[in-house]
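Colleague: I'd like to learn how to read a fold like this one. Can you walk me through it, feature by feature?

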Amino acid sequence: MSQCQSRALFPAVVSAVLDLPQGQKAGAMESQGAGLAKRLATLLSGLMECMCFAGVIFGWASLVYVLKGLDYFEDLCKPVANMTVNTTHETGCSEQDEQFSLIFTIGSFMNNFMTFPTGCIFDRFGTLAARLLAIFLYTGGTLLISFSTAATALMLFPAMSLLSIGGILLILTNMQVGNLFGKHRSTIITLYNGAFDSSSAVFLIIKLLYEKGLTLRDMFLFITACSAWHLIRTFFLMPKQHIPYPLPPGYSYGMTCRKSQSYHTYEEKQPAHRGGSNDLQSEPVLAEADRSPNDFLSKGHKEPPVRSFQSCVISKLFFWHLVWLSVIQLRHYFFIGTLNPMLEHLTEKNTALVSTYTNAFAFTQLCGVLCAPWNGLILDRHKRRRGKDGSTHGASDSLADLRSCVLSLAVTVVQSVGFSVCATVPVLPVQYATFILQVLSRSFLYGGNAAFLAIAFPLEHFGKLYGLVMGLSALVSLLQYPCFALVKGPLNGNPFYVNIGLTVIILLGFVNPLMVFWECQRREKERAMEGFNSLSSSPKKADVESPI
């Protein structure tokens, strides 16, 4: 290829990567270097932030191993009177496990339940305010753990809650980065959620470094110091308000050296008559080549009103999606929260084997960032197909997006059932398969949840709906603690029957993809009827081809 051909090809490649409308391609060369570099820096730094900080609480099993070595709640395992030295004191150590399980139950509950108020903060006050709050909470949590000791073990309760709330706010503000990359939007949302899952491996690293001699305080003080990096990213690589979708021409974000462009976002540049409080669902003026056929067909007609938040919440789609998320999440939380005592039960309290399987579980969590984009590819597959044949086969983008969710939701349930069945089998080597299916299911679960809410409902309600569905599912996740008490009490440490019950409950998740499929069928029939009525009332317009 000649040098001239290479120079001609470069603008096309940049336009394709950034999904620039055809009308912008001529002027893209002026700022393509800086714009592309900034977007990639935002994408990669956000990926690192989610992978290293956002979901660390889900590596709880590794941290419990360290905390037991530091004698946290060890006073609950003191020998019972009138028992010999060689007796194993199941009651005392069960109480210690219950404390650790309770910490995880409360922390995971706060991770979900507080998503609704934090989502409202994100929608109302924008990215800057939400991220500053997240950094404050996260830093407070790491400092509490840094200065906690066995004598002040109760500090773990507020510490893990603060880590959870701060972490969920970090990923909530990062998921909008997908809006910068157009047709790859769902893939990036799921990628970030996979990175959120992989961040549970941070506690594995802490466990391994602890075994090498580093102290818990030094390691968490280092994590605290990383808050400076969060601040730099907040001011220079994130918007003050929100990243709109579709992306408007000339969109910029973050602080720059020039004062005139400092923190100017698309929302702030809009005329007053466009509305000042609109969030992600802004209405940018698109280039003609960027419009779909339906945009031209609807030209001259009044735009339909945006669905209200209340109508979204009371819809069947939202309810069954909530059931889908709640039952699968409960299964995951119960498994993670009881992994350490379950391994002790299966290994007959062989410390070396427990450590080996705990490490194996944590290593598989690293694969979450690799598994989650597969779900994004499922969700975006129709966009790639449309790019090849140049048509939507008569379906709107929103309807095609919703239809693509059916397979994603169904595959997630199948993976979850497989994971739950393997976890039920009381054979130690089978747990390797359990770990693999668990990370697959979990990476599909949260990425699919965020992508579905962004597709099925108006984007201006995304923060509130995401927070509400996570908050309501958190109430269901509280059932993990009575399940744990049931295992430790009447079932004498054997979770077999509880695992069977949870596997049966997961089957309710299959209703959600069925409901989405029926909704797609209903909307397609309505669209067909509207098209038929339009042809009947305006026969002349039927001969006019819509521009592609």
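**Reading the core and the helices**

Modeller: Let's begin inside. This is a predicted model, and its largest nonpolar core has 110 residues, of which Trp60, Met160, Leu216, Phe335, Phe452, Phe457 and Tyr466 touch the most other members. Helix H14 (residues 316-337) gives the largest share of this core, 11 residues.

Colleague: Is that one core or are there others, and which residues does a second core include?

Modeller: A second, separate core has six residues, including Leu330, Cys483, Val487 and Leu502.

Colleague: Back to the big one. Which residues does Phe457 touch, leaving out those up to four places away in sequence?

Modeller: Phe457 touches Arg307, Cys312, Ser315, Leu317, Phe318, Phe452 and Leu465. Phe452 is itself among the core residues that touch the most other members.

Colleague: Let's step back to the whole chain. How many helices and strands are there?

Modeller: The protein has 23 helices and zero strands. Of its 548 residues, 52% count as buried. Take the contacts with a separation of 6 or more: 81% of them are between residues 24 or more positions apart.

Colleague: And the surface: how much does the protein expose?

Modeller: About 24500 Å² is exposed, and carbon and sulfur atoms supply 66% of that.

Colleague: With helices everywhere I look, how do I describe a packed pair?

Modeller: Two packed helices are described by the angle between their axes and the distance between the axes. Here, try H5 (residues 115-146) with H10 (residues 227-236): the angle is about 180° and the axes are 10 Å apart. An angle over 145 degrees counts as roughly antiparallel, so H5 and H10 are roughly antiparallel to each other.

Colleague: Which residues make that contact?

Modeller: From H5 come Leu128, Arg131, Leu132, Ile135 and Thr139, and from H10 come Ser227, His230, Leu231, Arg233, Thr234 and Phe235. Sorted by class, the contact has five nonpolar, four polar and two charged residues.

Colleague: Now for single residues inside a helix. Is Phe435 buried or exposed?

Modeller: Phe435 counts as buried because its relative accessibility is 0%. You'll find Phe435 in helix H19 (residues 430-456). Beyond residues up to four places away in sequence, Phe435 touches Phe335, Leu339, Tyr357, Ala360, Phe361 and Thr364. Also look at Phe435 and Gln365, which are 70 residues apart in sequence and 8.2 Å apart in space, C-alpha to C-alpha.

Colleague: What about Thr434: which residues does that one touch, again leaving out those up to four places away in sequence?

Modeller: Thr434 touches Phe335, Phe419, Cys422 and Ala423. Thr434 is in helix H19, and with 0% relative accessibility it counts as buried. Phe335 is on the contact list of Phe435 too.

Colleague: Last topic, backbone angles. What should catch my eye in phi?

Modeller: Most residues other than glycine have a negative phi. Now look at Asp71, where phi is near 65°, a positive value in a residue other than glycine. Asp71 is in the loop between helix H3 (60-69) and helix H4 (90-113). With 41% relative accessibility, Asp71 counts as partly exposed.

Colleague: Where does Glu348 lie?

Modeller: Glu348 lies in the loop between helix H15 (339-346) and helix H16 (351-365). Its phi is positive, about 55°, although Glu348 is not a glycine. The relative accessible area of Glu348 is 72%, so this residue is exposed.

Notes. Residues numbered from 1 in each chain as written. Predicted model: local features only at pLDDT ≥ 70, side-chain atom pairs only at ≥ 80, totals over all residues. Heavy atoms only, no water. Axes fitted to C-alpha atoms, helices over the stretch in contact; angles between N-to-C directions. Helix = DSSP H or I, 4+ residues; strand = E, 2+ residues; numbered from the N terminus. Parallel < 35°, antiparallel > 145°, perpendicular 65-115°, else oblique. Contact = heavy atoms within 4.5 Å. Nonpolar A, V, L, I, M, F, W, Y, C, P; charged D, E, K, R; others polar. Core = buried A, V, L, I, M, F, W, Y, C linked by side-chain atoms within 4.5 Å. Buried < 20%, exposed > 50% of the residue type's maximum accessible area, 1.4 Å probe, protein only. Areas by Shrake-Rupley, 256 points an atom, 1.4 Å probe, with all protein chains shown as cover.
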